[in-house]
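Let's take a walk through a protein model together. Keep the picture open while you read, and look things up as we go.

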Amino acid sequence: MNYAILLSGGTGTRIGSDKPKQYVRAGAHMMVTWALKALLECDAVDSVYIVAEHEWRELIETDADKAGLDVGRIGGYAIPGTNRQTSILNGMQEIIRFADEKVDIAAMDDGDTVLIHDAARPFVTVSLLNECYGALPGHDGVMPVLPMKDTVYLSEDGLSVSELLNRKKVFAGQAPELFYLKPYYEANMALMPDNIHMICGASEPAIIRGMDIVMIPGDEDNFKVTTMGDLNRFKSIKEG
């Protein structure tokens, strides 16, 4: 089975919105719905699990249904964790619980996969999802990346330049990220209970564990809505 986890548990505090950014509407639908659309329209994805607070779940399904999406492919929901990575772990545990009625990773098939995406990346395409699945065989995971366009510097104190980095060796990671479920779940559990709170990117636990994560070309349009400028850009694109 190919499972997907859509992270929709953020608070939106960084953009100063009166509601979490993923529930802001543009072009008739919420940001989370636009992100969910590609996941539900991708034939490679069997079931989508959404990490969201209880108060938003009915609204998510209602808006997705109005968008003509197959809400029957939403497998379930998980509660947000204390940070992004614990939210991912909660999502995986909900997947395992659904499949085996208890949190027992041993019951999962070795070929089962989990794809991680953010509701705050509403411009993900089915094409990028398919490229992730196409690149997975022979590896443990897949991460889309973008090359660095600017000169990259390292600063030890945040005030002065310590070192010039070779930008040809530096890449910016994007979501979605795709992994085989069993080893990725075990990589996350190995960081419990404390180290998982230090993780910033979904591929970090896999890399720490020594998993083979292949990089594929990312998509410039698949930007993450983080700032008010990003939010205005999202609205402008979707509202035409």
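Before we start, one term: a residue is called buried when its relative accessible area is under 20%. Also keep in mind that this is a predicted model.

Begin with strand E1, which covers residues 2-7. Which way do its side chains point? Asn2, Ala4 and Leu6 point one way from E1, while Tyr3, Ile5 and Leu7 point the other way. Whichever way they point, all of them are buried. That fits with E1 being mostly covered, with six of its six residues buried.

Now look at what E1 pairs with. Strand E6, residues 113-118, pairs with E1 in the parallel sense, over six bridges. If you find Tyr3, its bridge partner in E6 is Val114. E1 is also joined to strand E4, residues 47-51, by five bridges, and these two run parallel as well. Here you can spot Leu6 standing opposite Ile50 of E4.

Next, the rings. How many aromatic pairs does a search of the whole structure find? It turns up five. Take Phe179 and Tyr184: their ring centres are 3.9 Å apart and their planes sit at 0°, so this pair is stacked. Phe179 counts as buried because its relative accessibility is 0%. Tyr184 counts as buried too, because its relative accessibility is 0%.

Elsewhere, Phe123, Phe223 and Phe234 form one aromatic cluster. Phe223 has a charged visitor as well: the charged end of Arg233 sits over its ring, 3.8 Å from the centre. Finally, check Trp34, where Lys238 lies over the face at 3.9 Å from the ring centre.

Methods:
Residues numbered from 1 in each chain as written. Predicted model: local features only at pLDDT ≥ 70, side-chain atom pairs only at ≥ 80, totals over all residues. Heavy atoms only, no water. Buried < 20%, exposed > 50% of the residue type's maximum accessible area, 1.4 Å probe, protein only. Helix = DSSP H or I, 4+ residues; strand = E, 2+ residues; numbered from the N terminus. Pairing = 2+ DSSP bridges. Phe/Tyr/Trp six-rings, centres within 6.5 Å; stacked < 30°, edge-to-face > 60°. Lys NZ or Arg CZ within 6 Å of the ring centre and 35° of its normal.
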